[in-house]
Amino acid sequence: MKVGKPDVKPDAPSHVKGIKAGNSKGNYERQSGHNPDGTSTAARSTGVNPKAHDPIDPSMPNLSPG
Amino acid sequence: MAVRERVTPEAGKLVDMSWDPITRIVGNLGIYTKIDFDNREVVTCKSTSSLFRGYSVFMKGKDPRDAHFITSRICGICGDNHAVCSCYAQQMAYGVKPPPLGEWIVNLGEAAEYIFDHIIFQDNLVFVDFCEEMVRATNPSVWAKAEKADAPHAELHGYRTIGDIMRSYNPFTGETYKEALHMSRIGREMICLMEGRHVHPSTVYPGGVGTVATPTLFTDYLSRLLRCLDFIKKAVAMNDDVFDFFYEAMPGYEEVGRRRILLGCWGAFNNPDHVDYDYLNMEHWGNEMFVTPGVVVDGELVTQNLVDINLGIRILLGSSYYEDWANEETFVAQDPLGNPVDKRHPWNQTTLPKPQKRDLDGGNYSWVMSPRWYDQRTGDYLALDTGGGALARLWATALANKVDTPYVKATGQSVQISLPKTPNTPEQTLEWRIPQWSNAIERDRARIYFVAYSAAMALYFLDRAFTELRNGVTKVFEDFDVPDEAIGCGFHEAVRGVLSHHLVIRDGKIANYHPYPPTPWNGSPTDSYGTPGPYEDAVMGQPIFEEAGPDEFRGIDIMRAVRSFDPCLPCGVHMYLGKGKTLKTVHSPMFGEHG
């Protein structure tokens, strides 16, 4: 079986500089439903239209899923 | 103390006895002894390892954020200890402190690991050496006494005589043996709840955890913990009865596996109220750990300062298959406090493997190096052992007198453990008192007390985690950026003792990485100063109580001594009796009778 020449050496590091890293500072603030004080809301349950998961009545508590 | 004279076999009465491998997960520990059967004594002992791992070699150049995933694979039983320790080192390097809830989740996972691992080792592996079948075969007179001896705590565990307890330890058929397997399963479930997976956690990262903190998560953990507590309360009473009986039935048994009290504990269970992973504050937050770090020499707590502990670590050669790294690069000349860092410190180590033939007669004979701790007071390079983990942890914590929680209290001479009422048993207060000796029996006894300790601490961690949840807090991870240049060190306790990871980052990659788990400390060979490693030291000069002669000899007392250090799961022992006669004793609960 013919295979192409590998582009990457087996011991290459898993991260290439310049590529966005999930652990980078500022990512917490960008996630829906995660409040700055460490609490969270129902919007945390999904990244797809997260606001739709907030309670339908504003007087209801906005609870984190689970 | 053992006599360390070299004795040649020509004396006639000395018999070579070897056990190789005494397996860990990947069988690599060998014990080579010369036994004087006339005087019933072990004369010399060498501890060897024939396996090279090379983690410190292939970690170089890797992304530091992979370190905990890779180093977790060092061990197939306590990989999570490595992952957590690596995260501690990385957190220091990245300057990130996980949110408290993340820290409680890690502590809960680690407490479950101690419970699971100590139980499976104690009841399924150590007690094979103390069970009816073994004692009946090796010491028939002791078995006869055991059958008649009343068990002092019969009302707690339900076994009338010591013989009944020993019968319950019989592999595959004994009640305790089978129940312990079940408990270790529950323990693993508890770890999986907190750390995603066992043995190699999937939700433990530097900066926190990926575990979703919900009330259900913690109640699931609590319900399992309560089931374990019923077993633990019974097990402590049974252990005390059996070990006390051994002292009584065989006067002098305290000499088995006995060595000078040289214990190291690097501390476990960080306290998020104090820890910030900053090296500059390491003395403070190290002291606030829920298992206090410390070096105990001759019963005295020499230091409980993690900075002193860190700077005192020396990796010596002497009997190991490596080239010296004296002329290699110095990665860390000074620690962040400005203290000089020795060339033989893990931060500055360069691993240069040099494979060669094993030479047990004055040459090199092991792939294990010789970690030692430099005692500034005396200038000695101390061959610390971990006492199988539990003994050093309890001893250092008791002497330091710092831990004070509703469930566990250190008193200066003991550790008090309060366990609540559980489905089948009333509430109980246990007290582990500092023993007279550092020997096989006390290492084994401490193990079950530390299971109780971990279970009690887990109750406290649950209280604190629930408090966070009730306040609506769900944050378990803190963002961080990887610096181009940094150093870090992590101090933790693997189940069987001290664990450190030392990390140097350059250009955003790992420039140097050295994990030091407990077995290199315990199983180290004789170093360049001529100091034997702890296994060697403990076995040399120990008396033999086994009643069989050389032909039927199983080496049970030596096995008890070596196993008391918990050299990772010893699941198979192949015994070589010289002159081509080989006995195989298989203790393998995982792989059936013929494993």
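**Helices, a sheet and an interface in chain B**

In chain B, the axes of helix H13 (residues 390–400) and helix H14 (residues 440–470) come within 7 Å and cross at roughly 70°. Axes here are lines fitted to C-alpha atoms, for helices over the stretch in contact, with angles from 0 to 180 degrees between N-to-C directions. This is a predicted model: local features need pLDDT of at least 70, side-chain atom pairs count only at pLDDT 80 or more, and totals for chains, interfaces and linings use all residues. Residues are numbered from 1 along each chain as written, while chains are lettered from A and ligands numbered from 1 in written order.

**Exercise 1.** Classify the H13(B)–H14(B) crossing and describe the contact.

- Angles of 65 to 115 degrees count as roughly perpendicular, so H13(B) and H14(B) are roughly perpendicular to each other.
- H13(B) brings Ala390(B), Leu391(B), Arg393(B) and Leu394(B); among the H14(B) partners are Tyr449(B) and Phe450(B). Contact means C-beta atoms, placed from the backbone, within 7 Å.
- The contact residues split into six nonpolar, no polar and four charged.

**Exercise 2.** Work out the strand order of the sheet formed by S15, S16 and S17 of chain B, and find its edges.

- The open sheet runs S15-S16-S17 (chain B), with antiparallel pairing; strands pair if DSSP finds at least two bridges between them. Strands are DSSP runs (E, at least two residues) and helices likewise (H or I, at least four), numbered from the N terminus.
- S15 (486–494) and S17 (509–516) of chain B each have a single partner strand, so they stand at the edges.
- Seven bridges join S16(B) to S17(B); Ile505(B) pairs with Ile510(B) in S17(B).

Notes:
Parallel < 35°, antiparallel > 145°, perpendicular 65-115°, else oblique. Contact = placed C-beta atoms within 7 Å. Nonpolar A, V, L, I, M, F, W, Y, C, P; charged D, E, K, R; others polar.
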